[in-house]
Amino acid sequence: MKKIIRFILGIVLLVLIAYLVVITLPKAKIDNAEVDYVIGATELYEQYEADEQKANASYLGKIIEVQGKIQMIEEDQAGATVIILNCDDGFGGVMCTLAEGSKARLFEVNQDITIIGLCTGKLMDVVLNKCVVVYG
Amino acid sequence: MRISLFILFFHLTFTLCAQEFYTRTAHVHVKSDNRIKSIEADNYQVIAFLSLESGDIRFEGLLRSFEFRLGALDRVYNSRNIDISEYPSILFEGKAINIDEFDLNSSKTQTLRVKGNLFIWDEKRVTEVDVNVIVRPGNILDVVSAFNMRIEEQSVDKLNQLMRDRLPKSININTSKLGVSRDIEVDVKMKMGLKNW
C-alpha cells in the first residue's frame, strides 16, 4: 500500500515540476540564435514591395541582420524602443522593436545602425520583432 | 490670384490631412480561456488608421508579431514548424456610424459606435462595438476598444483535426477535453497621432 502511495506522490510531484517548468519558461529570445540573412534595410523593403509573397517565403519567421539609417524613434505601449530604418520610400521603412529588457540607450535620427531581429512580415513597414542592436 | 489659390489649396490639404490619425504601435491583446491556463498574447506592432472625415477605422497586426505571455507557448509559436503564411495577419475594417458627433476639441471620453469586419485566421465576423476615444493635448487620440469573437463549430472541428494530425495518435485530446473556450476576447489600445503625409 505504501508503495502505491509513494508511486502516486512521485507522479504528482513530476507533474507539478513539469507544470512549474512550463509556466516559468522564459519567452523565445534571439540573442544567441544564428542569423539567416544579412541585408540592407532598403533592399529588404524593396524586395517586400516588389513581391510580398516571395519575400515572405524567404524572410518570414527568419532572423535577419539589417543595416540602415535611423529615420524615426518611437516608444510602443509596452515602453519598448521602436526604431524605423529609412528606406527612401517616404511612407514605409523597416520597423524594429527592441527586445524586452534591452538596455535603455540614446539613439539619433540619421545614425547608422545594425540590428538583428525576427522578421514577422510587412504592414506599412517591414516588421522585425525581438530586436537586438549589434552596431550603432 | 495665384497666391490666393495656393493658400486655399494649402489650407484644404492641411484640413483634410488633419482629419486622419494613425499609429504603427497600437496594442492588441488576445485572450482565450481553458481549464488549465488562459492563453494570452500581445502584439505591440499593430498599424491603425482613423479618419474623422469619413469615420473609416482600420487596424492590422501580423500574427507572427504576437508574443504569448506563457513562455513555453511563445517558444512553440516562434518555432519554424508553425506555418501562418496563408493568413499572416489579424485585420479589422469598419466605420464609425456616429462620427458626425465626434468633437476634436472635447477632452471628455467620447464613444464611437463602430461597425465592421474582424478577420482572424480564416474566420470573418461582422462586428459592432463601442470604441472609447479621448483627445489628448497635441492632437493625440487615445482609442480603446474590446471585441469578442465566438469560434464557429466547424472551426473547432478544424482545430481538433489539426491536433490529431500534429500530435501522436496515442495522445487522444481535443479542444473540449482541454476545456478551450470558443470565445476569443480581443482588446485594442491605440495612441494615434496626426497623419502627416
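A compact globule of 136 residues would have a radius of gyration near 14 Å, yet chain A comes out at 21 Å. Keep in mind that this is a predicted model. If you draw a box along the principal axes of chain A, its C-alpha atoms take up roughly 75 × 35 × 25 Å. As for burial, 33% of the 136 residues in chain A count as buried. Look at contacts in chain A with a separation of 6 or more, and you'll find that 61% of them link residues 24 or more positions apart.

So what is chain A built from? It has 3 helices and 6 strands, and walking along the sequence you meet them in the pattern α-β-α-α-β-β-β-β-β. A good one to stop at is helix α2 of chain A, residues 41-50, where A:Ala41, A:Leu44, A:Tyr45 and A:Tyr48 are buried. Sight down the axis of α2(A) and those buried residues sit within an arc of 95°, so they line one face of the helix.

Now for the place where the two chains meet. Chain A puts 25 residues into the contact and chain B puts in 22. On the chain A side, the elements giving two or more residues are β4 (94-98), β5 (112-122) and β6 (126-135). Sorted by class, that side of chain A has 13 nonpolar, 8 polar and 4 charged residues.

The largest nonpolar core has 57 residues, and among those with the most contacts inside it are A:Val66, A:Leu85, A:Val94, B:Ala48 and B:Met192. Take B:Met192 as a way into chain B. Setting aside its neighbours within four places in sequence, B:Met192 touches B:Phe21, B:Tyr22, B:Thr23, B:Ala48, B:Leu50, B:Ile140, B:Leu141 and B:Val143.

The strand pairing is worth tracing here too. Strand β9 of chain B (residues 183-194) pairs with β1 of chain B (residues 20-32) in the antiparallel sense, over 8 bridges. One to find on screen is B:Lys31, whose bridge partner in β9(B) is B:Glu185. Strand β8 of chain B (residues 140-150) also pairs antiparallel with β9(B), this time over 10 bridges. There, B:Val144 stands opposite B:Lys189 of β9(B).

Last stop: helix α2 of chain B, residues 71-78. Its buried residues are B:Asp74, B:Tyr77 and B:Asn78. They cover an arc of only 90° around the axis, which puts them on the same side of α2(B). Part of what covers the buried residues of α2(B) is β4 (67-68) of chain B.

Definitions and conventions:
Residues numbered from 1 in each chain as written. Chains lettered and ligands numbered in written order. Predicted model: local features only at pLDDT ≥ 70, side-chain atom pairs only at ≥ 80, totals over all residues. Buried ≥ 20, exposed ≤ 12 C-beta atoms within 10 Å, placed from the backbone. Helix = DSSP H or I, 4+ residues; strand = E, 2+ residues; numbered from the N terminus. Arc of directions from axis to C-beta. Core = buried A, V, L, I, M, F, W, Y, C linked by C-beta atoms within 7 Å. Contact = placed C-beta atoms within 7 Å. Pairing = 2+ DSSP bridges. Nonpolar A, V, L, I, M, F, W, Y, C, P; charged D, E, K, R; others polar. Rg over C-alpha atoms; globule rule 2.2 N^0.38 Å.
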